[in-house]
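Please take a moment with the sequence and the model shown here before reading on. The paragraphs that follow start from a single residue and then move outward through the fold.

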Amino acid sequence: MPIFLNRIDAGRQLADALKTQSFVDGLILAIPRGGVVIGFEVAETLELPLDIIIPRKIGSPENPELAIGAMTEDGTAILDENLISYLNVSKDYIYHESEKQKQEIQRRMQVYRQNEPYPDLEGRDVIVVDDGIATGSTMKAALVSVKNRGAKSVIAAIPVGPTTTIEELKQQADRVFCLYMPEVFYAIGEFYDDFTQTSDVEVIDLLRKNRQHMS
């Protein structure tokens, strides 16, 4: 049975869980596309600026949907060394696939953010938001990237994710907020009544609305 009506509902519930917390110069970094809807609701409630971070999955050679790692726009990469060894994936493949994903990240950054300067993360409490996690590979890459850029603390906030992945995130984040941690987990969408794909236009519009609200 779905837990959330849609991403707006999930975002508002997540915002309620976060509004009792205090943040030093807080910033919401949402993972597009669906995570931006969640992030916008959280940012509106907490009166914080919203921006994006774009981790991309590094897929295996034979099955692109199978993540052997993930990376972010600053080159931060998280690799599943055990899976890479098991699948006998070459370093050459990982290098070229990483470069391809880095180019796609840069393209999406330009599309979503236009020419807005990227926020300085130094000394800030940064909340990384998505609409849910499964393996958590992209969220893990995002958390490491934010830490590398000097954030005071890194908080992972998601509406739903499997218990095992949430426990793994606790090793990388200073705090983890997850509303629902089912023991049986197949796909994020099963916990939403409406999990319609978020469009690029929606992402751009929500970022613009937050900038106007915060200015």
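A good place to begin is Asp25, which is found in the loop between α1 and β1. The model is a predicted one, and in it Asp25 has a positive phi of about 45°, although this residue is not a glycine. With a relative accessible area of 48%, Asp25 is partly exposed, because that class lies between the limits of under 20% for buried and over 50% for exposed.

A second residue other than glycine with a positive phi is Gln114, where the value is near 55°. Gln114 is found in the loop between α4 and β6, and its relative accessible area of 44% makes it partly exposed. Another backbone feature lies at Pro32 and Arg33, which are joined by a cis peptide bond with an omega of about 0°; Arg33 itself has its place in the loop between β1, residues 27–30, and α2.

The loop between α4 (91–113) and β6 (125–129) also holds Arg124. Is this arginine buried or exposed? Its relative accessible area is 11%, and because buried means under 20%, Arg124 counts as buried. Once its neighbours within four places in sequence are left aside, Arg124 is in contact with Val24, Asp25, Gly26 and Leu27, with Pro49 and Pro119, and with Ala151, Lys152 and Ser153. Asp25, the starting point of this walk, is thus among the contacts of Arg124.

A further arginine, Arg175, lies in strand β8, which covers residues 175–180. Arg175 is partly exposed, with a relative accessible area of 26%. Setting aside its neighbours within four places in sequence, one finds Arg175 in contact with Gln21, Ser22 and Phe23, with Asp125, and with Ser153, Val154, Ile155 and Ala156. For the last of these, the C-alpha atoms of Arg175 and Ala156 are 6.4 Å apart in space, while the two residues are 19 residues apart in sequence. Ser153 is in contact with Arg175, and Ser153 is in contact with Arg124 as well.

From these residues the view can turn to the packing of helices. The axes of helix α1, residues 7–18, and of α2 come within 8 Å and cross at roughly 40°, and α1 and α2 are therefore oblique to each other. In this arrangement α1 passes α2 in a right-handed crossing. On the side of α1 the contact is made by Arg7, Ile8, Ala10, Gly11, Arg12, Leu14, Ala15 and Leu18, and on the side of α2 by Gly34, Val37, Ile38, Glu41, Val42, Thr45 and Leu46. Sorted by class, the contact of α1 with α2 has nine nonpolar, three polar and three charged residues.

How does α2 meet helix α7, and at what angle do they pack? Helix α7 covers residues 200–214, and α2 and α7 pack at an angle of about 15° with their axes 10 Å apart, which makes α2 roughly parallel to α7. Here α2 passes α7 in a left-handed crossing. The residues that make the contact are Val36, Val37, Phe40, Ala43 and Glu44 of α2, together with Val203, Leu206, Lys209, Asn210 and His213 of α7. By class, the contact of α2 with α7 has six nonpolar, two polar and two charged residues. Val37 of α2 takes part in the contact with α1 and also in the contact with α7.

The interior can be described next. The largest nonpolar core has 42 residues, and those with the most contacts inside it are Leu18, Ile28, Val42, Leu50 and Ile127. Helix α2, residues 34–46, gives the largest share of this core, namely seven residues. A second, separate core has 21 residues, including Ile31, Val128, Ala142 and Ala151. Val42, leaving aside its neighbours within four places in sequence, is in contact with Gly11, Leu14, Ala15, Leu18 and Ile28.

The last stop is Glu168, which is found in helix α6, residues 163–169. At 39% relative accessibility, Glu168 counts as partly exposed. Apart from neighbours within four places in sequence, Glu168 is in contact with Thr135 and Lys140. Glu168 and Thr135 are 33 residues apart in sequence, and their C-alpha atoms are 9.6 Å apart in space.

Definitions and conventions
Residues are numbered from 1 along each chain as its sequence is written. This is a predicted model: local features need pLDDT of at least 70, side-chain atom pairs count only at pLDDT 80 or more; totals for chains, interfaces and linings use all residues. Side-chain values use heavy atoms; hydrogens and water are left out. A nonpolar core is a set of buried Ala, Val, Leu, Ile, Met, Phe, Trp, Tyr and Cys residues joined through side-chain atoms within 4.5 Å. Buried means under 20% relative accessible area, exposed over 50%, partly exposed in between (1.4 Å probe, protein chains only). Helices (H or I, at least four residues) and strands (E, at least two) are DSSP runs, numbered from the N terminus. Contact means heavy atoms within 4.5 Å. Axes are lines fitted to C-alpha atoms, for helices over the stretch in contact, and angles run from 0 to 180 degrees between N-to-C directions. Angles under 35 degrees count as roughly parallel, over 145 as roughly antiparallel, 65 to 115 as roughly perpendicular and the rest as oblique. A crossing is left-handed if the near helix is turned anticlockwise from the far one by less than a right angle, and right-handed if clockwise. Ala, Val, Leu, Ile, Met, Phe, Trp, Tyr, Cys and Pro count as nonpolar, Asp, Glu, Lys and Arg as charged, and the others, Gly among them, as polar.
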